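Subject: Handover of a structure with bound ligand

Dear colleague,

Please find the structure below, together with its sequence. A summary of what was found follows it.

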Amino acid sequence: MKREKSEALFEKAKKYFPGGVNSPVRAFRSVGGTPLFIEKGKGSHIWDADGNEFIDYCGSWGPLILGHANDKVIDAIKKAVEKGSSFGAPTALENDLAELILSNNKYIQKIRFVSSGTEAVMSAIRLARGYTKRNKILKFEGCYHGHSDSLLVKAGSGLVTFGNTSSAGVPESFVNETIVVSLNNEQAVKQAFADFKDQIACVIIEPIPANNGLLLQRKEYLQFLRDICTENKTLLIFDEVINGFRIGFTGASGYYNIQPDIITYGKIIGGGLPVGMYGSSAEIMSHISPEGNVYQAGTLSGNPVAMAAGIAQLTECLKPNFYEELERKTRSLIAEIFTQLKLSKIESSNFKIFTVGSIFYIAFTDKEVLRSAEEIDADSMKYFRILHKELLERGIYLGPSGYEVGFVCEAHTEDDLIKTAKAFAESLEIALK
Ligand SMILES: *Cc1c(COP(=O)(O)O)cnc(C)c1O
């Protein structure tokens, strides 16, 4: 595979950007080698600067549920941008996207658009604090909520801990407001509520944690969180930036039928353009300015071009059988991979693919299920590195980290899936040797 152009572009990028990138995981540090510079995408395929073609399962890390450069999304963007790209004044498109979302989602009544998932979560936390007049928040090790200060916190040692900052530049005093516990551990949550009685503003969780492997939670556990929050007048935030519109139109809330107090969305909602959103009951949302005293604003919030892209994409998601078909394809891809492994007589008892909806996660583990971050073996990433490299050589593009999930999109064809399964069998044979 030719890499000269990507390599030259990366050398140049390193002069301009720290590590040569504008978001760290893109730098290929955890798999080694040079990041591919992508020239274009169409449907399920992407092409790099050297002209290599790949079947893509990264999908821009989740947003592209219809695939790349979907005709309907592109048309909507063109139509919108011809009328002007931003006004800093309300447009009808904001109403249209809000109506599309709210008329199909019984878990929220009012929303606010922002420009990224990070911003959505940061604002939701401020709302929870403003509403409850409490300062502490509780999060789970292994859930990612964007890069705002109070959430760049990892667990210390012990059942219930104030976190340690997971980034330089986050003051110790901020971290003392964030309690971090393991996923799937009811005792730790009970302990936290006992230790910090009447102090916890919110519990925030990715109900289907998909940013550190795929750590599927038990429904009873999520219900337990719902109940303990209600008992303690603490708000439950479902961070559905990755789950929303992916696991069905109503995301994980609908999948488990659990009513959180605040929901955050991002990724798919913007059709590939920068959009985030948080929503709640009309009563809780009335605390947001200008109605209430929790301040939150944005120059480009509700941007008309981004709204148009979101409307076009979500309209497709609402068509009958959209999610059933995505899930069917995902299951068929996984089944085909295991069929190919069997045909090639590859011993693969330590190779697992965990899945829900159109999300899949490749893990090298002998465990039958992964529920907490500690259950992912850092040492097993050595297999992923080889698998990733061999798959690239065979025209399959996965996100460049063994902690990331993959996504099947509407544009993947049966032919893509068969090719992918064959490439997996060949690559795994090398990785597991
Ligand atoms: C991606 C993600 C975020 C951050 O969104 P950005 O748009 O990257 O800022 C927050 N929470 C979850 C669950 C995510 O998957």
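A polar contact is a pair of N or O atoms within 3.5 Å. One such pair joins D239 to the ligand: a polar atom in the D239 side chain is 2.7 Å from a ligand nitrogen atom. Please note that the model is predicted.

Two further contacts involve oxygen atoms of the ligand. A polar backbone atom of G117 lies 2.9 Å from a ligand oxygen atom, and an N or O atom in the side chain of N211 lies 2.8 Å from a ligand oxygen atom. On its own the ligand has 380 Å² of accessible area, of which the protein covers 83%.

The surroundings of the ligand consist of S116, G117, T118, Y144, H145, G146, E206, N211, D239, V241, I242 and K267. By class, this shell holds 6 polar, 3 nonpolar and 3 charged residues.

I also examined a pair of helices. Helix α6 spans residues 186-195 and helix α7 spans residues 219-231; their axes come within 11 Å and cross at roughly 10°. Because angles under 35 degrees count as roughly parallel, α6 is roughly parallel to α7.

On the α6 side, the contact is formed by E186, V189, K190 and F193. These residues meet E220, Y221, F224, L225, I228 and C229 of α7. The contact of α6 with α7 comprises 7 nonpolar and 3 charged residues, with no polar ones.

Yours sincerely

Methods:
Residues numbered from 1 in each chain as written. Predicted model: local features only at pLDDT ≥ 70, side-chain atom pairs only at ≥ 80, totals over all residues. Heavy atoms only, no water. Axes fitted to C-alpha atoms, helices over the stretch in contact; angles between N-to-C directions. Helix = DSSP H or I, 4+ residues; strand = E, 2+ residues; numbered from the N terminus. Parallel < 35°, antiparallel > 145°, perpendicular 65-115°, else oblique. Contact = heavy atoms within 4.5 Å. Nonpolar A, V, L, I, M, F, W, Y, C, P; charged D, E, K, R; others polar. Near = heavy atom within 4 Å. Polar contact = N/O pair within 3.5 Å; in protein donor to acceptor, adjacent residues only side chain to side chain. Areas by Shrake-Rupley, 256 points an atom, 1.4 Å probe, with all protein chains shown as cover.
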